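Hi there,

Here is the structure I said I would pass on to you. Have a look at it first, and then read my notes underneath.

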Amino acid sequence: MDCVYVDNLTRTFNGIYALRGISFKVDCGGSIALIGPNGAGKTTTLRILAGLLRPDSGVVRICGYDPFNEADRAKACIGYLPEDAVPFLNLTVRENLEYVAILRRLGDVRGVVNEILRLLDIEDIANKVVASLSRGNRQRVAIAMAIIHKPKVLLLDEPLNYLDIPTQERVIEIFRDLNRAGTTIIVSTHIMSIAERIARDALIMNKGSIVWRGSINELNSIAKSSGKTIEEVIVKLLENSAG
Ligand SMILES: Nc1ncnc2c1ncn2[C@@H]1O[C@H](COP(=O)(O)OP(=O)(O)OP(=O)(O)O)[C@@H](O)[C@H]1O
Ligand SMILES: [Mg+2]
């Protein structure tokens, strides 16, 4: 089954195309990285999938549900980490997590919150208000909020921004564990080394269109056989797509 289905999606801002009719599917349990230059349309795609931005036209299904006409069911199915996510600043870390756990109707709120605090290694800051935290620690809290309910589909927009190296490693492992347990992952990133560790497939976007879709292994083979780095291969694909 497709957990994410997108057909001929378009979106404009002030008459300018951010998405020019993109189509793709992700199998349940799959993982795909959205890769592309600034302004390619990655965040716009994720915001539409999360049901936060209406497309001008096209079809979207998340776990089989329309994120706009069946919003409750679609939202119950996803976890979303926005670009530059900001938790409620005047609540503590624990209060933010309790709030999400209650909204998500999770039983044993205290137990679930303690478990996610442990998983992200943020027990020591649990009682601090988010406004007092460093940017990296805010990002850790935002990640905890996005995954507290072990979503069926996880939408991640530049998830490792601001994180120190040990935390990046920990978070990558958490995402991989979720994916192994069946969570479908869509992750936008500019960093190929991160894309290949979180995702199996790549969707390369440029100026609102999909330029290439395939496995990251395939990209690596193309790179190897042409004596280039994977980044150089992507730049070439982007140049070719620009005509
Ligand atoms: N709220 C908005 N108002 C006007 N234009 C917007 C808005 N959001 C996005 N855009 C435009 O849509 C296009 C796609 O933007 P988007 O944020 O999806 O790109 P991106 O691939 O996520 O880029 P980045 O790598 O910089 O995060 C850009 O041209 C951007 O300027
Ligand atoms: Mg973006």
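Let me start with the ligand. Helix 1 (residues 42–49) contributes three residues to the shell around ligand 1, the most of any element. Helices here are DSSP runs of H or I with at least four residues, strands are DSSP runs of E with at least two, and both are numbered from the N terminus. The surrounding residues are Phe-13, Ala-18, Gly-36, Asn-38, Gly-39, Ala-40, Gly-41, Lys-42, Thr-43, Thr-44 and Glu-83; a residue belongs here if its C-beta atom, placed from the backbone, lies within 6 Å of the molecule. By type, the shell has three nonpolar, six polar and two charged residues. In that count Ala, Val, Leu, Ile, Met, Phe, Trp, Tyr, Cys and Pro are nonpolar, Asp, Glu, Lys and Arg are charged, and the others, Gly among them, are polar.

A word on conventions: this is a predicted model, in which local features need pLDDT of at least 70 and side-chain atom pairs count only at pLDDT 80 or more, while totals for chains, interfaces and linings use all residues. Residues are numbered from 1 along each chain as its sequence is written, with chains lettered from A and ligands numbered from 1 in the order in which they are written.

Next, the sheet. Three strands make an open, antiparallel sheet in the order 2-1-4, where two strands pair if DSSP finds at least two bridges between them. Strand 2 (16–27) and strand 4 (57–62) are the edges, each pairing on one side only. From one strand to the next, the twist averages 15°. Strand 1 (residues 2–13) is joined to strand 4 by five bridges, and Thr-10 has Ser-57 as its bridge partner in strand 4.

Now the helices. The axes of helix 3 (residues 93–103) and helix 4 (residues 109–119) come within 9 Å and cross at roughly 125° (axes are lines fitted to C-alpha atoms, for helices over the stretch in contact, with angles from 0 to 180 degrees between N-to-C directions). This pair is therefore oblique. Helix 3 and helix 5 (residues 135–147) also have axes that come within 9 Å, crossing at roughly 20°, so they are roughly parallel. Angles under 35 degrees count as roughly parallel, over 145 as roughly antiparallel, 65 to 115 as roughly perpendicular and the rest as oblique.

Finally, Gly-182, with a positive phi near 115°, follows helix 6.

Enjoy exploring!
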